[in-house]
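Reader: I should like to learn how to read a structure of this kind, feature by feature. May we go through it together?

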Amino acid sequence: MRGPFVNIASVIAIALCAMSAIAQSDSPITVLWPTQDQPTLKLTFDKFVQSGLVNGQGIYVSDVTAQNGSAQGMPRSMFTVFISDKNGVRIGRAILKMAEIPAYRTQKSQIQFSAAGTPAAVALLAGKTIPLRVLSVPPGAAFKVDGEDAGVAPKVIDFTIGTHALEFSKAGYATGSMQLDVGADELPGGSVSFELGGLSQDSIELRDGTTLLGDVISVSLTDVLVRVDGKDQKLTRNQVKKITLVEREFSENPAPKDTTPTKKTP
């Protein structure tokens with residue numbers, strides 16, 4: 001399983017890569033990263049195409065081609081892209097996510113951003129990563145980081161600076177999510193923990209990998225009757241891999257009071 005987007009291992013401190021040249025918005029822009037003298041990547045930003053207008057700012061998209069010029073593969077990476085106009089004034093910002101790029105190969109991506117002006121140049125900012133230990137209560141929950149499968153907790157993950165979305169799931173427990181903010185001053189060796197809540201319904205795991213949530217009505221030597229979304233389903237025992245029953249509390253209702261009027265005698 002893959003973890004979150006990480007920057008190339010040689011990047012330790014924040015490095016700002018200046019644009020190679022100022023260009024018009026209708027011409028491709030080439031940026032060499034991390035330096036022009038010893039570049040690892042050659043990124044080409046295609047012309048900026050305006051796709052809309054929101055609150056007086058233009059919405060732009062640009063196709064990006066990254067060429068790995070080194071003999072080593074480039075792991076999946078994330079860059080902050082600063083956009084400026086022809087006068088060098090910063091007018092927008094975007095996030096560029098690149099998939100893994102093998103040695104001497106190219107990879108394509110796209111950025112989208114809003115800008116109060118005409119884009120003419122770009123600069124890249126690549127940040128360091130912070131290793132944090134991801135824990136779950138109870139342990140053993142599968143989790144995702146920014147929508148990508150990251151493994152099973154507990155596990156150490158290298159997080160880039162910024163905000164990340166974490167999702168947790170474990171059989172017998174309700175799925176849950178949280179937001180994690182990783183600051184530039186975050187110290188390595190820390191941890192983040194998430195406690196899963198119990199299910200409000202029974203869980204029936206089938207042998208084909210699917211899971212049903214509902215109320216188990218009865219279990220016999222041959223069949224399992226379960227009510228899902230108000231409809232009863234009968235399953236054969238051979239279909240069922242595991243059943244997880246939730247604890248329910250039943251309150252004893254007192255006998256109804258006799259409201260029949262009584263006649264008082266003098």
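Author: The dialogue below takes up confidence, cores, ring pairs, a sheet, a hairpin and the backbone in turn.

Reader: Where should a reader begin, and what is the average pLDDT of the chain?

Author: This is a predicted model. Where pLDDT is low, the predicted coordinates should not be read in detail. Here the chain averages a pLDDT of 79, and 79% of the residues score at least 70.

Reader: Which elements of the chain have the lowest and the highest mean pLDDT?

Author: The lowest mean, 39, belongs to strand E1 (residues 15–17), and the highest, 94, to strand E5 (residues 57–68). The pLDDT is below 50 over residues 1–25, a stretch that has 81 contacts in the model beyond near neighbours in sequence. Residues 259–266 also have a pLDDT below 50, but this stretch has zero such contacts beyond near neighbours in sequence.

Reader: Let us turn to the interior. Which residues of the largest nonpolar core touch the most other members?

Author: In soluble globular proteins, nonpolar side chains tend to be buried together. In this model the largest nonpolar core has 24 residues, and those touching the most other members are Leu-43, Phe-45, Val-81, Leu-96, Ile-111, Phe-113 and Val-122.

Reader: Which elements give two or more residues to this core?

Author: They are strands E2 (29–33), E3 (41–45), E5, E6 (77–84), E7 (90–98), E8 (106–115) and E9 (121–126). Strand E7 gives the most, with four residues. There is also a second, separate core of 17 residues, with Leu-132, Val-145, Ala-153 and Leu-180 among them.

Reader: How many aromatic pairs does a search of the whole structure find?

Author: The search finds five. To classify a pair, one looks at the angle between the ring planes: under 30 degrees counts as stacked and over 60 as edge-to-face. Phe-48 and Phe-113 are edge-to-face, at 5.6 Å centre to centre with 85° between the planes. Phe-48 lies in the loop between E3 and strand E4 (49–54), whereas Phe-113 lies in strand E8, 65 residues apart, and the pair thus links distant parts of the chain. Both of these residues, Phe-48 and Phe-113, are buried. Ring pairs also join Phe-48 and Phe-113 with Tyr-60 in a cluster.

Reader: Why is the pair of Phe-168 and Phe-194 stacked?

Author: The pair is stacked because the ring planes of Phe-168 and Phe-194 stand at 5°, with the centres 4.8 Å apart. Since Phe-168 belongs to strand E14 (residues 162–169) and Phe-194 to strand E16 (residues 190–195), the pair ties together parts that are 26 residues apart in sequence. Phe-168 and Phe-194 are both buried.

Reader: How is a sheet to be read, and what is the order of the strands in the open sheet of five?

Author: Strands of a sheet pair through backbone hydrogen bonds, either parallel or antiparallel. In the open sheet of five strands the order is E20-E19-E18-E17-E21, and the pairing is antiparallel. Strands E20 (231–236) and E21 (240–244) are the edge strands, each pairing on one side only. From one strand to the next, the twist averages 45°. Within this sheet, strands E18 (residues 211–219) and E19 (residues 223–228) pair over four bridges, and Val-219 stands opposite Val-224 of E19.

Reader: Along strand E11, which side chains are buried?

Author: In strand E11 (residues 142–145), Phe-143 and Val-145 point to one face and are buried, while Ala-142 and Lys-144 point to the other and are not. Strand E11 pairs with strand E12 (residues 148–152) in the antiparallel sense over four bridges. Gly-151 in E12 is the bridge partner of Phe-143.

Reader: Finally, which backbone details deserve notice?

Author: Most residues other than glycine have a negative phi, and most peptide bonds are trans. Asp-146, although not a glycine, has a positive phi of about 55°; the hairpin of E11 and E12 that holds Asp-146 has two residues between the strands.

Reader: Is Asn-55 buried or exposed?

Author: Asn-55 is exposed, with a relative accessible area of 77%. Asn-55 lies in the loop between E4 and E5 and has a positive phi of about 50°.

Reader: Where are the cis peptide bonds that join Val-137 to Pro-138 and Ala-153 to Pro-154?

Author: Pro-138 lies in the loop between strand E10 (129–137) and E11, and omega for its bond with Val-137 is about 0°. Pro-154 lies in the loop between E12 and strand E13 (155–160), and omega for the bond between Ala-153 and Pro-154 is about 5°.

How values were computed: Residues numbered from 1 in each chain as written. Predicted model: local features only at pLDDT ≥ 70, side-chain atom pairs only at ≥ 80, totals over all residues. Heavy atoms only, no water. Pairing = 2+ DSSP bridges. Axes fitted to C-alpha atoms, helices over the stretch in contact; angles between N-to-C directions. pLDDT = per-residue confidence, 0-100. Contact = heavy atoms within 4.5 Å. Core = buried A, V, L, I, M, F, W, Y, C linked by side-chain atoms within 4.5 Å. Buried < 20%, exposed > 50% of the residue type's maximum accessible area, 1.4 Å probe, protein only. Phe/Tyr/Trp six-rings, centres within 6.5 Å; stacked < 30°, edge-to-face > 60°.
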